[in-house]
Amino acid sequence: MVVNNKKIIIIEDDDFISRALKIKLEDKGINILIAKDGKTGLDIVKKEKPDLVLLDLILPKMSGYDVLVELKKDIVTKKIPVIILTNLNQNEVEKKVKDFGAIDCLVKANISLEQIFKRISEVFK
Amino acid sequence: MKNKVKAKLDNGGVLMNDFSRMFIDKYYNKEYPLFKFIIDKSNQQIAFADMKGNIVYVNDSWARNHGYMVKELVGKNLSIFHTKEELKKVHKFNKILVKKGKYVGEIEHKRRDGSTFVTLMDNFIFEPKKGLKFMVGMATDISEYKKNQLEVKKSANYLDLMAESLVVLNQDRKIVKINKAFTKLWGYKEAEIIGKNIWKLFPRRQREIHEFNMKESIQKKKAVKFETYILTKEKKEIPTQMIGSVIFDKNGNLSDMIALFRDIRKEKLIKLKMFESEKKLSAIIENMGGGLFVIDKDFKVILFNKSAENITGFSSSDIIGKKYNNNIKFVFENSGNLGDAFIYNCIKKGEIVRLQNHTQIVKKDKTKVSVSSSAAPIKNEQGEIVGGIILFYDVSREREIDKMKSEFVSLASHQLKTPLTGIKWFTELLSQEKNTNLTEEQKDFIKQIYISNERLIQLVSDLLDVSHIDTGRKFDIVLERDDIVKIFNNVLEDKDHLIKEKRIKFIKCVNTPDRLDSLVDSKKIRQVFNNLVDNAIKYSNIGGVVEMGCDRSQKGKIIFSIKDNGIGIPKDVQKNLFNKFVRADNAIISEADGTGLGLYIAKAIIKAHGGEIWFESKLGKGSTFYFSLPL
């Protein structure tokens with residue numbers, strides 16, 4: 001599978017959200033890193049250089065927007081695809097994060113774990 | 001006694017008989033040469049006659065004025081100068097004349113051509129020697145005077161007929177004439193007031209204003225009009241309007257003054273009442289909480305109240321007399337575009353127009369304040385629009401609360417969605433096929449949890465949408481070119497399990513194109529399709545037919561329709577169907593699940609796209625929902 005041994009970081013402050021994701025994705029053979037705030041997340045991305053970032057927007061210490069901006073500023077992390085996972089269901093949010101360089105913006109409550117996995121698979125195709 | 005007349009011409013060319021010659025020779029020519037000269041040259045008409053009235057001598061003036069030559073008249077009887085009727089009067093006068101030796105009176109004379117004129121006759125008996133008597137008549141034509149006198153009498157009559165009281169003063173400000181109305185209105189009798197000084201008529205304190213106006217009138221030779229008080233005979237002060245004018249003689253000297261007085265007690269009272277109600281009204285307008293301005297039909301401001309000043313920062317002197325939009329700008333909160341069409345529409349259409357929500361007014365200092373406003377036309381008695389009243393309230397606090405409410409709902413829904421996501425995902429994990437140790441019943445329970453949770457998620461996002469629609473702040477749509485048919489097909493795919501479950505026969509219209517690109521907000525349009533298809537399935541009976549239609553026959557738009565043959569919508573709910581939280585009774589019975597928000601949101605979305613949404617329905621037969629989108 002294309003996702004095998006891929007390294008994905010989930011930057012998400014809600015434990016059970018990240019846990020559900022972790023279970024689903026690890027089940028598919030993906031290596032999962034978890035960060036519970038924006039700042040830690042950014043540090044881990046810089047250090048670990050994962051294959052993909054699943055990024056929440058409302059985060060302690062550093063917002064998802066700022067993490068995104070920082071990632072896209074850095075020449076090394078710039079190329080890592082970022083998918084925003086949020087419950088802010090607004091056009092303006094989607095437009096903003098895409099402008100900042102996110103490849104997609106998914107609304108958590110409206111999407112199943114299976115759909116998230118499918119979307120991730122598409123990225124690695 | 002008859003005089004034989006031997007006519008001869010004397011050196012003056014006057015024909016005389018012997019008698020007159022004798023008279024003239026003796027008493028006139030010789031003894032009174034100057035007297036003759038005067039008589040002949042006099043403009044006074046003079047005649048000498050004997051005691052029987054036979055003319056001895058007339059001067060030229062007499063002859064001419066009666067239409068004769070002097071020579072024609074000597075020897076004629078004076079009776080030829082009178083009409084038959086007048087002769088009776090003449091005889092009467094003659095008797096007095098004979099008795100008293102003189103008589104003065106008005107007698108009508110007849111000219112040769114039969115016309116008459118009135119004379120003032122000064123008659124006397126002239127007796128140069130005992131036994132010799134003459135009648136001498138000196139006539140003055142007073143017909144002009146009489147005519148004038150008649151006119152004067154007539155005009156005096158007119159003055160008395162006037163309803164307004166009038167006083168004529170001489171140049172010493174003494175009253176020379178009052179009319180009847182004056183007597184009646186102010187109680188003075190003529191005798192009490194004629195000859196009195198005009199000041200008697202006014203309170204002392206008014207004197208200054210009278211002096212001033214009198215001076216003004218004399219200097220500028222024109223009438224003056226002013227309000228004053230007149231003193232009645234009982235010393236009561238009555239408010240009057242006075243018109244004073246001055247009359248100058250031919251030489252430009254002041255001759256008389258005329259003053260007219262009109263009782264204005266009633267007007268004063270009405271004015272006072274009007275002033276009071278006006279005062280009340282203006283107090284209301286000034287102190288009302290709403291900003292108010294009034295414009296004429298040319299959009300010029302004629303009133304700008306205190307609240308309007310407070311809200312806008314403009315003073316009424318900045319605004320009044322100018323077109324309102326020189327200064328006052330209504331703009332849309334989101335776009336900043338001018339939003340004062342409501343005023344224009346009000347004046348043009350003559351209807352009350354309310355300002356669209358979320359409008360601001362630009363203050364004098366260029367800051368903006370949120371307002372809610374309306375414009376109402378002002379019509380005159382003929383129903384023509386003559387202006388408009390614009391009322392506006394500072395709603396910045398309400399807007400602030402709205403914003404807070406919207407933010408709260410947004411935050412709350414976000415907070416709700418996080419645990420809902422947890423439930424969604426863990427039930428998903430639980431129902432994975434690899435969890436084979438679950439019983440069928442347990443699997444069903446999990447499914448029910450999942451479905452309930454999906455409903456909760458839908459409800460939360462619907463409420464969020466509604467809060468955005470209601471506040472109008474965040475219900476923004478982002479238009480992007482997208483394939484509408486693809487959006488619809490995606491919805492159908494999602495609904496596939498439902499369609500199968502209810503064994504619905506789904507018919508897609510034959511003329512649906514494979515692809516139709518349009519500027520839409522894909523997510524929102526998807527939501528509309530979703531809501532409509534959802535309803536069609538939900539309110540269909542098992543094995544029902546749902547048909548999707550697509551009509552491109554009208555230029556510039558496309559009309560989609562979703563038709564079902566389900567339970568239909570009762571008539572009483574139909575007109576409110578697009579209101580929020582409206583659900584028909586039969587819908588609740590057939591499908592308990594539903595918030596009554598779907599169509600409300602769908603309508604808002606379609607409206608935001610510039611399209612329309614409507615439906616046709618018959619209870620028990622089914623419904624068809626249509627919506628149009630501009631292409």
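Select B:F529 to begin: in this predicted model, the residue has a relative accessibility of 0% and therefore counts as buried, the cut-off being under 20%. Keep B:F529 on display and add B:F560, which is buried as well.

Now turn to how the rings of these residues are arranged, bearing in mind that a pair of aromatic rings is described by the distance of the centres and the angle of the planes. Over all chains the structure holds 26 aromatic pairs, and one of them is formed by B:F529 with B:F560, an edge-to-face arrangement with 5.2 Å from centre to centre and 80 degrees between the planes. Colour helix α17 (residues 522–538) of chain B, where B:F529 lies, and strand β24 (residues 557–564) of chain B, which carries B:F560; the parts are 31 residues apart in sequence, so the pair ties them together.

Next add B:F627, which forms a further edge-to-face pair with B:F529, at 5.3 Å centre to centre and with 70 degrees between the planes. This pair links distant parts of the chain, since B:F529 belongs to helix α17 of chain B while B:F627 belongs to strand β26 (residues 622–630) of chain B, 98 residues away. B:F627 has a relative accessible area of 0% and is buried.

Move on to another group of rings in chain B by selecting B:F293, B:F299, B:F304, B:Y324, B:F330, B:F342, B:Y344 and B:F392, which together form one aromatic cluster.

Two lysines are the next stop. In chain B, select B:K221 with B:F248, and you will find the charged end of the lysine over the phenylalanine ring, 4.7 Å from its centre. In chain A, select A:K28 with A:F117, where the lysine lies over the face of the ring at 4.7 Å from the ring centre.

For a view by annotation, highlight residues 31–100, 151–221 and 277–322 of chain B, which an unreviewed UniProt entry lists as "domain: PAS". Residues 151–221 of chain B are 51% helix and 14% strand, with the end C-alpha atoms 26 Å apart, whereas residues 277–322 of chain B are 48% helix and 22% strand, with the end C-alpha atoms 27 Å apart.

Finally, colour chain B by pLDDT, whose mean is 83, with 93% of the residues at 70 or more. Among the elements of chain B, strand β25 (residues 613–618) has the highest mean pLDDT, 91, and strand β1 (residues 8–9) the lowest, 39. Over residues 1–16 of chain B the pLDDT stays under 50, although the model has 27 contacts beyond four places in sequence for this stretch. Where pLDDT is low, the predicted coordinates should not be read in detail.

Conventions: Residues are numbered from 1 along each chain as its sequence is written. Chains are lettered from A and ligands numbered from 1 in the order in which they are written. This is a predicted model: local features need pLDDT of at least 70, side-chain atom pairs count only at pLDDT 80 or more; totals for chains, interfaces and linings use all residues. Side-chain values use heavy atoms; hydrogens and water are left out. pLDDT is the predictor's confidence in each residue, from 0 to 100. Helices (H or I, at least four residues) and strands (E, at least two) are DSSP runs, numbered from the N terminus. Contact means heavy atoms within 4.5 Å. Rings of Phe, Tyr and Trp (its six-membered ring) pair if their centres lie within 6.5 Å; planes under 30 degrees apart count as stacked, over 60 as edge-to-face and the rest as tilted. Buried means under 20% relative accessible area, exposed over 50%, partly exposed in between (1.4 Å probe, protein chains only). A charge sits over a ring if NZ of Lys or CZ of Arg is within 6 Å of the ring centre and within 35 degrees of the ring normal. UniProt positions are given in the numbering used here, feature names are shortened, and annotations may be inferred rather than shown by experiment.
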